[in-house]
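Me: I'd like to talk through how this one is put together, starting with helix packing. Have a look and then we'll go.

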Amino acid sequence: MAQPTLFDKSQPGKRCTQMPSAAMAAEEFLPADQLRAEAPRLPELSEPEIARHYARLAGQNFNVDANFYPLGSCTMKYNPKVHEEIAGAAGFSRLHPSAPDECAQGALRLMRELETWLAQILGMDAVSLQPPAGAAGEFTSLRVFRAWHDSRGDTKRTRVIVPDTAHGTNPASVARCGWDVTVLKSGEDGRVAPEALADALGDDVAALMLTNPSTLGLFETRVLEVNAMVHEAGGLVYCDGANMNALLGHARPGDMGFDAVHVNLHKTFSTPHGGGGPGAGPIGVVAKLEPFLPSPRIVERGGALAWDWDRPESIGKVQAWFGNFLVAVRAWAYIQANGGEGLRQVARDAVLAANYIRASLQETWDLPYPGVCMHECVLSAKTLKNATGIRAADVAKRLLDYGIHPPTMYFPLIVEEALMIEPTETESKAAMDYFIEMMQEIAQDAAGRPDLLHEAPHETPVRRVDEVAAARKPILRWREE
Amino acid sequence: MDFPEDRKYAQTHEWAKAEGDVVRVGLTSFALEQLGDIIYLDLPEEGTAVEQGVPFGEIESVKAVGELISPVTGEITEVNEAMMDDLDALADDPWEAGWLLVIAPADLSQLDGLMDAAAYAEHCEKEA
């Protein structure tokens with residue numbers, strides 16, 4: 001159903017606010033060249049009309065407050081509402097970012113505490129809260145690696161090894177850093193094969209980027225051996241910590257031999273995301289990399305906290321001000337509320353939930369990499385597709401009719417017709433049972449009523465969109481006809 | 001799976017067909033089926049040097065982005081501009097109208113190292 005825009009609803013003369021008429025006409029006090037020749041073409045509506053317009057659109061939004069959202073690798077856990085209250089406190093939300101340090105001691109203390117806690121959770125020596133997203137954390141870490149190599153006069157290293165299961169942002173970050181990507185083919189079990197890594201390593205390798213657990217939801221069981229090999233060859237190892245939800249309080253990237261790691265506050269630490277942010281991708285690094293972290297850093301001076309800008313080896317700023325501060329506030333609140341044992345339970349429940357779904361669906365759907373998974377499981381619709389012509393995309397669209405957000409599809413790339421399911425720890429057994437039941441029903445309908453799936457979704461405000469036309473001939477903004 | 005026998009095939013699913021002194025290059029129907037609907041194609045310009053085994057362009061579908069890898073070393077002498085305006089031709093007719101490039105190879109015998117239709121069919125069976 002096409003939704004009329006505010007422009008469609010506009011009626012000349014309607015206003016939200018009636019301004020008193022000005023004592024002077026604009027022509028009397030503004031220079032002629034500063035006056036508009038014609039009025040701006042803005043929609044004209046009353047305030048209730050605008051409020052209802054947006055409230056209605058908001059009601060059509062598919063969101064984690066309303067629906068199960070098992071979007072793999074995105075950790076769409078429920079975000080406690082108390083975080084909003086804390087982040088909305090005037091002392092945080094109305095603090096000016098350039099307030100003098102002595103007027104911002106509370107905010108500095110919160111950031112300092114969050115840095116310390118994240119360092120403990122990640123097993124790292126120092127943390128920067130500045131990167132505003134996961135990919136920004138990757139990029140920042142690679143720049144830190146590069147600064148470290150450069151500081152030792154080692155400028156021949158231009159290659160970064162990235163497994164074929166990696167998030168697409170990994171190779172993109174490498175390219176943005178001015179380096180070249182070497183793709184590493186995963187072993188039979190979906191994990192990094194040290195034998196293949198040995199062939200890829202060399203004295204021109206700057207780093208390995210490794211996601212643990214991987215995007216297949218598998219723990220990299222040979223991570224110690226793998227990381228030691230990279231160090232032996234003079235490279236550094238970066239941990240894509242997007243899947244940290246599986247490890248909280250049980251295993252630490254620092255103990256696995258990683259030199260840097262990013263963590264998504266907007267995934268693991270339960271700050272809202274989707275719709276473009278804001279997110280936060282703090283990075284943790286080992287001590288030898290600390291001098292290169294983004295500036296400024298929080299330091300203690302004369303019993304108070306202060307920003308230290310005098311950091312000659314720093315790669316500089318990677319984000320305006322100090323990162324997305326109010327996201328940090330929510331993450332601080334989440335850690336404070338859960339405590340150490342609470343965070344450990346988060347990981348246990350997240351892994352248990354993913355395995356419950358895996359075990360319940362692995363008879364009906366393909367499970368290309370069998371066995372116990374971590375926080376997510378990757379199923380495949382390959383057998384279903386070969387038998388019925390129903391593809392992963394059709395399954396995803398049909399789930400929308402049942403009020404379930406689709407899993408991540410067609411990723412990781414090494415799994416054909418992939419459906420990557422991450423329930424997170426915040427879903428009830430009843431919610432997961434409903435999902436499992438609907439997945440079984442879809443598998444049956446694929447054989448019995450395939451048209452129902454080809455034409456899905458049927459119940460959503462917008463039916464199936466033409467993705468090909470949208471990508472080839474995008475209409476990126478509204479135009480007056 | 002049946003593939004035309006008048007050309008050679010790379011493991012990365014490009015076909016290479018010798019036409020006199022030059023080599024015409026395209027993507028196989030198997031690759032296009034795997035990719036799904038194509039939404040974007042990035043090809044280099046005429047005159048660009050290409051190297052066997054090295055990417056020369058990118059292809060993007062609704063599912064994924066893939067690299068296009070040159071089956072021979074040489075210089076590009078022709079790019080299928082007409083097809084760029086109508087990407088459906090790529091999937092509709094990958095063996096003829098949907099060709100990508102013509103390359104003047106440095107050494108035509110590089111084609112001997114590629115797979116024939118039967119070997120390629122076997123390669124695809126394994127991947128399917």
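Me: At what angle do α7(A) and helix α8 of chain A pack?
Reply: This is a predicted model, where local features need pLDDT of at least 70, side-chain atom pairs count only at pLDDT 80 or more, and totals for chains, interfaces and linings use all residues. Residues are numbered from 1 along each chain as its sequence is written, with chains lettered from A and ligands numbered from 1 in the order in which they are written. Helices (H or I, at least four residues) and strands (E, at least two) are DSSP runs numbered from the N terminus, and axes are lines fitted to C-alpha atoms, for helices over the stretch in contact, with angles from 0 to 180 degrees between N-to-C directions. Helix α8 covers residues 169–176, its axis sits 9 Å from that of α7(A), and the packing angle is about 45°.

Me: Are α7(A) and α8(A) parallel or oblique to each other?
Reply: Under 35 degrees counts as roughly parallel, over 145 as roughly antiparallel, 65 to 115 as roughly perpendicular and the rest as oblique. The crossing of these two, α7(A) and α8(A), is right-handed, meaning the near helix is turned clockwise from the far one by less than a right angle (anticlockwise would be left-handed). By that angle rule, α7(A) and α8(A) are therefore oblique.

Me: How many charged residues are in the contact of α7(A) with α8(A)?
Reply: Residues are in contact if their C-beta atoms, placed from the backbone, lie within 7 Å. Contact residues include A:E138 and A:F139 of α7(A), and A:N170 and A:R176 of α8(A). Ala, Val, Leu, Ile, Met, Phe, Trp, Tyr, Cys and Pro count as nonpolar, Asp, Glu, Lys and Arg as charged, and the others, Gly among them, as polar. The split for α7(A) with α8(A) is five nonpolar, four polar and, for charged, two.

Me: Which strands of the sheet in chain A stand at the edges?
Reply: Seven strands make an open, mixed sheet in the order β1-β7-β6-β5-β4-β2-β3 (chain A), where pairing takes at least two DSSP bridges between two strands. Each edge strand has a single partner, so one side of it lacks a neighbour in the sheet: these are β1 (126–128) and β3 (180–184) of chain A.

Me: In which sense do strands β6 and β7 of chain A pair?
Reply: A:V261 stands opposite A:G284 in β7(A). Strand β6 spans residues 260–262 and β7 spans 283–285, and over three bridges their pairing is antiparallel.

Me: Which helix of chain A lies across β4, β5, β6 and β7?
Reply: It's an old friend from the start of this chat. Running at about 165° to β6(A), the helix across those strands covers residues 134–151 of chain A and is α7.

Me: What is the handedness of the crossing where α6(A) passes α11(A)?
Reply: The axes of α6 (residues 105–122) of chain A and α11(A) come within 10 Å and cross at roughly 60°, so the pair is oblique. Among the residues that meet are A:W117 in α6(A) and A:W332 in α11(A), and the contact has 11 nonpolar, no polar and one charged. As for the handedness of α6(A) passing α11(A), the crossing is left-handed.

Me: And α11(A) with α14(A): at what angle do they cross?
Reply: The contact residues include A:Y356 of α11(A) and A:M432 of α14(A), and α11(A) passes α14(A) in a right-handed crossing. Helix α11 (residues 325–361) and helix α14 (residues 429–448) of chain A have axes within 10 Å, crossing at roughly 25°.

Notes: Contact = placed C-beta atoms within 7 Å.
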